[in-house]
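Okay, everyone, thanks for coming. I'll put the structure up and then we can walk through it together.

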Amino acid sequence: MILKSTFNALFKLISGNAFSQIVVIVGTPFLTRVYSPSEFGILAVVNSFIMVLGVISSGRYDQLMYRYKSQEDRARCYSNGLVLSLGTSFLVLVVSGGLVSCRVIDLPFLLLAPLLLSFSIYQIYVSLLSVDGHYHSIIYSNIVRSVVLIISQYALSELDVFGLIVGLLLSQISSMFVLIFFYHFKAGLTLKISCGFFDFKDAIFSSLQSLANSFSSQLPVIFIPYFFGLSVLGYYSLAIRLTQLPITFLSNAARPFIMGELSRHKDQYHVVYRVLKWGSLGLLASGIFGIFLVNLYGETFFVIYAGKEWVMSGEIASALSFWLLIAFANIIATSYLTVSAKFKELFYYDFSLLLTRGGVVLACYMYSITFIDFIYLYSYIGMLFNFLIIYYAINIGKRHERSTDCNDT
């Protein structure tokens, strides 16, 4: 009964999140016709910075929040995460301001600090609302973010790349305020500020794991401009943006829900194992089917969708699909390991992935591997590691279920 109600609620949330993804799909062709591939390349660099530093700027206290049921412990996680986010963003503002004044980076990069802060606070409030079961507010914030993103980036197109970055900032701030409004006013929930650092070891491991994971995913954004140019990075960014839609689709809607539900029912090992096993296998089947479609129609789709100038994105999407669409299947597995506080194991996994992908980057540099071959190698390694983490999580879940059976007897 719990399993059925869980899937019904999840289906409703994913259906609600579909609108925000439709906005992105419909709006992107307008953007590709007013911005150049190199401008998208600069936006990809900015996004990469936010994805790498943004996930750790709160000390991952947003993730640790799922371990606790008392409001007092959650308040401490909230307070710690907020203080760390403010401190990190201030430091980024000082550093970026200094680099702009020395003309090392351009003026738009001053927006890195508010981008980082809004991203971090958004993550904290997603966790707060998830642990209390207020999932629909997260969906509304995602819809607002998508609408503001497309409209503002298109309206500011005369500002060139600055318009892309400002549009991203406006979308993050708007979605952040939607969550704040729902938490403090609509849901009537309050938290007493109670800053006192605790679970320091888990916070460090969780932060290091998130840093290794995000840095591993963003390695091409660092590597591509140096060897292949910003235009190629622009083609890559559009390819990953569209191929990653299923992951974004699930992450925005389902991941907070899955984390919240696993946190509430983590002692019901039979139910958790069934969700973990059959949910992951179902997502794997969907991902494999998606790989087939992308490789069959990818290039044709990008020509029709974004314009002839973007045909290279179709070839890149075909290569990326092996990694991204199998990563699509690991969301239940990684959520389960996070709720189970397997931070050390997740760190070892992501750090191993980072080292392996770093080896591919080094090989590309040493042996002059072509760009597309580099993307295929990078993608195949990601696919292999995603298979491994799903297998590992299912085995842990099975072990917990068996230990419960032994205790019952």
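So, this is a predicted model, and I'd like to begin at a slightly odd spot. Just after H13, have a look at Ala-341: its phi is positive, about 60°.

Now step back into the helix itself. H13 covers residues 331–339, and how many of its residues are buried? Nine of nine, so the helix is mostly covered. Reading along, we have Ile-331, Ile-332, Ala-333 and Thr-334, then Ser-335, Tyr-336 and Leu-337, and finally Thr-338 and Val-339.

Let's stay with one of those. Ser-335 sits in H13, and it counts as buried because its relative accessibility is 0%, where the cut-off is under 20%. Take Ala-393 as a partner: it is 58 residues away from Ser-335 along the chain, yet their C-alpha atoms are separated by 9.5 Å.

Okay, zooming out. The protein chain has 15 helices and zero strands. Out of 409 residues, 55% count as buried. If you take contacts between residues at least 6 apart in sequence, 86% of them join residues at least 24 apart. As for the outside, the chain exposes about 18200 Å², with 68% of that supplied by carbon and sulfur atoms.

On to the inside. The largest nonpolar core has 93 residues, and the ones with the most contacts within it are Tyr-236, Ile-316, Leu-320, Phe-374 and Ile-375. Which helix gives the largest share of this core? That's H15, residues 371–408, with 13 residues.

Phe-374 is a good one to click on. Setting aside neighbours within four places in sequence, Phe-374 touches Pro-220, Phe-223 and Ile-224, along with Val-360, Val-361, Cys-364 and Ile-369. Apart from that core there's another, of 23 residues, including Met-65, Ile-124, Met-176 and Ala-203.

Last stop: a helix pair. H4, residues 71–101, packs against H5, residues 112–131, at an angle of about 170°, and their axes are 8 Å apart. The two are therefore roughly antiparallel to each other, since anything over 145 degrees counts that way. On the H4 side, the contact includes Arg-74, Tyr-78, Gly-81 and Leu-82, while H5 brings in, among them, Leu-116, Leu-117, Ser-120 and Ile-124. By character, the residues of this contact split into 14 nonpolar, five polar and one charged. And Ile-124 on H5 is one we've met already, as a member of the 23-residue core.

That's my tour. Happy to rotate things if anyone wants another view.

Terms used:
Residues are numbered from 1 along each chain as its sequence is written. This is a predicted model: local features need pLDDT of at least 70, side-chain atom pairs count only at pLDDT 80 or more; totals for chains, interfaces and linings use all residues. Side-chain values use heavy atoms; hydrogens and water are left out. A nonpolar core is a set of buried Ala, Val, Leu, Ile, Met, Phe, Trp, Tyr and Cys residues joined through side-chain atoms within 4.5 Å. Buried means under 20% relative accessible area, exposed over 50%, partly exposed in between (1.4 Å probe, protein chains only). Helices (H or I, at least four residues) and strands (E, at least two) are DSSP runs, numbered from the N terminus. Contact means heavy atoms within 4.5 Å. Axes are lines fitted to C-alpha atoms, for helices over the stretch in contact, and angles run from 0 to 180 degrees between N-to-C directions. Angles under 35 degrees count as roughly parallel, over 145 as roughly antiparallel, 65 to 115 as roughly perpendicular and the rest as oblique. Ala, Val, Leu, Ile, Met, Phe, Trp, Tyr, Cys and Pro count as nonpolar, Asp, Glu, Lys and Arg as charged, and the others, Gly among them, as polar. Accessible areas come from the Shrake-Rupley method with a 1.4 Å probe; for residues, only the protein chains shown count as cover.
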